[in-house]
Amino acid sequence: MGRRSILVATGWVATAAIATVIGLGAIRLVGESLTGTPGGVRSEADIERALASPEPVPTAGPGTTGTALAPPGTTSAAPSASSGARRGFATDGGTAVAECGVGGVRLVSWAPAQGYRVRDVDRGPDDDVEVTFQGANREYELKVRCIGSEPVSVADD
């Protein structure tokens, strides 16, 4: 009976080892989508660069009316009447994206940094828009105007 117990234990250990190897192989096959950040980890400088440059908006293909299509994954409550550029702005308190259009400048989106909250927002469209990020010890106010058709951060009056 001692020999049978050794065979059972050896079989169990071998089965556990094979299952572990298969599991590790499957995780490696799936890759970053399961175990990491898709696209890698971005530095703060990379994020600021990405926010500062407007994303290209694809236009309709040949034989269509040439109207702009919304980027994938974005939604809008109403069609945008923008005719100017879209630009991102970053402060230590948070980030915002603004665009110039027929009615003036408009805040498209805003997000506070970790440890901050949005205290006040004037989203426009208007001559100028602003968002205030409030932290425990500091407050950042971002004010944006259109100069030409380009959104530009300006000092508070």
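At 31% relative accessibility, Asp122 counts as partly exposed, and this residue makes a convenient entry point into the predicted model described here. Asp122 sits in strand 4, which covers residues 116-122. Together with Asp120, Asp126, Asp127 and Glu141, Asp122 forms a negative patch on the surface. Two members of this patch, Asp120 and Glu141, turn up again among the contacts of Thr132, a residue of strand 5 (residues 128-135).

Thr132 offers a contrasting setting. With a relative accessibility of 1%, this threonine counts as buried, since burial is assigned under 20% relative accessible area. Once residues up to four places away in sequence are set aside, Thr132 touches Arg117, Val118, Arg119 and Asp120 on one stretch of the chain, and Glu139, Tyr140 and Glu141 on another.

It helps to place these residues within the overall fold. The protein contains 3 helices and 7 strands, and along the sequence these follow the pattern α-α-α-β-β-β-β-β-β-β. The helices thus precede the strands in the chain. Of the 157 residues, 17% count as buried. The accessible surface comes to about 11300 Å², and carbon and sulfur atoms account for 57% of that area. Among contacts between residues at least 6 apart in sequence, 24% join residues at least 24 apart.

Charged pairs come next. The whole structure holds 5 salt bridges. In one of them, Arg119 pairs with Glu139, with the closest N and O atoms 3.2 Å apart. Arg119 belongs to strand 4 and Glu139 to strand 6 (residues 139-147), so this pair ties together parts that are 20 residues apart in sequence. Arg119 is partly exposed, as its relative accessibility is 43%, and Glu139 is likewise partly exposed at 38%. Both partners of this bridge also appear in the list of residues that Thr132 touches.

A further bridge joins Lys143 to Asp128, and here the closest N and O atoms lie 3.7 Å apart. This pair, too, links distant parts of the chain, with Lys143 in strand 6 and Asp128 in strand 5, 15 residues apart. Lys143 and Asp128 are both buried. Elsewhere, salt bridges that share partners connect Arg86, Glu99 and Arg106 into one network. Within that network, the side chains of Glu99 and Arg106 meet at 2.7 Å, N to O. Glu99 counts as buried because its relative accessible area is 4%, whereas Arg106 is partly exposed at 28%.

The backbone also deserves a look between strands 4 and 5. Most peptide bonds are trans. The bond from Gly124 to Pro125, however, is cis, with omega near 5°. Pro125 is found in the loop that runs between strand 4 and strand 5. The strands on either side have been met above: strand 4 carries Asp122, and strand 5 carries Thr132.

Two residues illustrate how parts of the chain that are well separated in sequence come together. Thr95 lies in strand 2 (residues 94-101) and is partly exposed, with a relative accessible area of 23%. The C-alpha atoms of Thr95 and Leu142 are 8.8 Å apart, although 47 residues separate the two in sequence. Leaving out neighbours within four places in sequence, Thr95 is in contact with Leu51, Phe89, Ala90, Trp110, Ala111 and Phe133.

Arg87, in strand 1 (residues 82-90), gives a second example. This arginine counts as partly exposed, because its relative accessibility is 29%. Arg87 and Glu150 are 63 residues apart in sequence, yet their C-alpha atoms are 7.9 Å apart in space. Beyond its neighbours up to four places away, Arg87 touches Glu150, Pro151 and Val152, along with Ala96, Val97 and Ala98. The remaining contacts of Arg87 are Leu51 and Ala52. Leu51 is therefore a contact of Thr95 as well as of Arg87.

Methods. Residues numbered from 1 in each chain as written. Predicted model: local features only at pLDDT ≥ 70, side-chain atom pairs only at ≥ 80, totals over all residues. Heavy atoms only, no water. Patch = residues over 30% accessible without salt bridge, like charges linked within 9 Å, V, L, I, M, F, W, Y side chains within 5 Å. Areas by Shrake-Rupley, 256 points an atom, 1.4 Å probe, with all protein chains shown as cover. Salt bridge = Lys/Arg side-chain N within 4 Å of Asp/Glu carboxyl O. Lys, Arg positive; Asp, Glu negative; His and termini not counted. Charge placed at Lys NZ, Arg CZ, Asp CG, Glu CD. Helix = DSSP H or I, 4+ residues; strand = E, 2+ residues; numbered from the N terminus. Buried < 20%, exposed > 50% of the residue type's maximum accessible area, 1.4 Å probe, protein only. Contact = heavy atoms within 4.5 Å.
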